[in-house]
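Trainee: Could you walk me through this model and show me how each label is earned?
Mentor: Gladly; ask away.

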Amino acid sequence: MTFSDQYDRFPYYLSSQRNIFDPSVSRFLVENGLHPEYPDGKKFAVCLTHDIDVIYPEKIYMIIGTAKAFAKGNLTDAIKTPFCRICKKFNPYWNFREIIELEAKYNAKSSFYFLALRLERKTSITKLRISKPN
């Protein structure tokens with residue numbers, strides 16, 4: 001029996017390899033002759049990645065988000081949420097600039113991986129370009 005999520009991916013929570021403190025892949029590679037070298041003689045390296053499944057929230061998000069904001073008494077978010085699909089400024093999924101600025105602050109670099117689901121929604125790559133922070 002195979003389990004998958006709505007995008008036909010194997011769900012992480014069912015994996016037997018979900019202990020993030022057990023570097024099973026690294027152990028396998030070392031046991032099979034790979035001896036990695038890290039910059040400046042460091043003992044390890046960290047790879048920062050971002051798996052981006054969506055950049056525009058589903059329509060139901062606007063309804064639920066607005067209702068939750070009203071329930072919490074947050075009028076600002078209740079007013080902004082309905083416009084999150086048309087204005088990147090109000091879109092909580094469109095936080096690339098904040099991520100890039102945070103990385104610049106800590107001199108870090110990361111990779112972004114985008115999941116392309118529907119061909120009918122065309123988002124120009126120019127819309128995804130973000131200028132580097134000053």
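Mentor: Below we take the labels one by one and set each value against its definition.

Trainee: Before the labels, what kind of model is this, and how are its residues numbered?
Mentor: This is a predicted model, in which local features need pLDDT of at least 70 and side-chain atom pairs count only at pLDDT 80 or more, while totals for chains, interfaces and linings use all residues. Residues are numbered from 1 along each chain as its sequence is written, and side-chain values use heavy atoms, with hydrogens and water left out.

Trainee: What makes a stretch a helix or a strand here?
Mentor: Both are DSSP runs numbered from the N terminus: a helix is H or I with at least four residues, and a strand is E with at least two. The protein has five helices and two strands, in the order α-β-α-α-α-β-α from the N terminus on.

Trainee: How do you know that the span of helix H2 agrees with its number of residues?
Mentor: The expected span is 1.5 Å times one less than the number of residues. For the 13 residues of H2 (residues 59-71) that gives 18 Å, and the end C-alpha atoms are 19 Å apart, so the two agree.

Trainee: Which residues of H2 are buried?
Mentor: They are Met62, Gly65, Thr66 and Ala69. Buried means under 20% relative accessible area, exposed means over 50%, and partly exposed is in between (1.4 Å probe, protein chains only).

Trainee: Why are the buried residues of H2 said to line one face?
Mentor: Seen down the axis of H2, they fall within an arc of 100°, so they line one face of the helix. The arc is that of the directions from the helix axis to the C-beta atoms. The face turned away from the buried side carries the exposed residues Ile60, Ile63, Lys68 and Ala71. Helix H3 (75-80) is included in what covers the buried residues of H2.

Trainee: What about helix H4: which residues are buried there?
Mentor: In H4, Phe96, Ile99 and Glu103 are buried. They cover an arc of only 65° around the axis, which puts them on the same side of H4. Their cover includes E1 and E2.

Trainee: Why is isoleucine 79 called exposed?
Mentor: Its relative accessible area is 53%, and the label exposed asks for over 50%, so isoleucine 79 earns it. Isoleucine 79 sits in helix H3.

Trainee: What makes up the nonpolar surface patch?
Mentor: Phe70, Leu75, Ile79, Phe83 and Ile86 make a patch of about 570 Å². Patches are made of residues with over 30% relative accessible area and no salt bridge; like charges are joined within 9 Å, and nonpolar side chains (Val, Leu, Ile, Met, Phe, Trp, Tyr) within 5 Å.

Trainee: How do you know that arginine 27 and aspartate 22 meet in a salt bridge?
Mentor: A salt bridge is a side-chain nitrogen of Lys or Arg within 4 Å of a carboxyl oxygen of Asp or Glu. Between arginine 27 and aspartate 22 the N to O distance is 2.7 Å, so the pair fits the definition. The structure holds one salt bridge.

Trainee: Are these two partners buried or partly exposed?
Mentor: Arginine 27 is partly exposed at 37% relative accessibility, and aspartate 22 is partly exposed too, at 32%.

Trainee: What is there to say about phi in aspartate 40?
Mentor: Its phi is near 55°, a positive value in a residue other than glycine. Aspartate 40 lies in the loop between helix H1 (24-31) and strand E1 (48-52). Its relative accessible area is 76%, so aspartate 40 is exposed.

Trainee: Where is asparagine 107?
Mentor: Asparagine 107 is in the loop between helix H4 (96-105) and strand E2 (110-114). Its phi is positive, about 55°, although it is not a glycine.

Terms used
Contact = heavy atoms within 4.5 Å. Areas by Shrake-Rupley, 256 points an atom, 1.4 Å probe, with all protein chains shown as cover.
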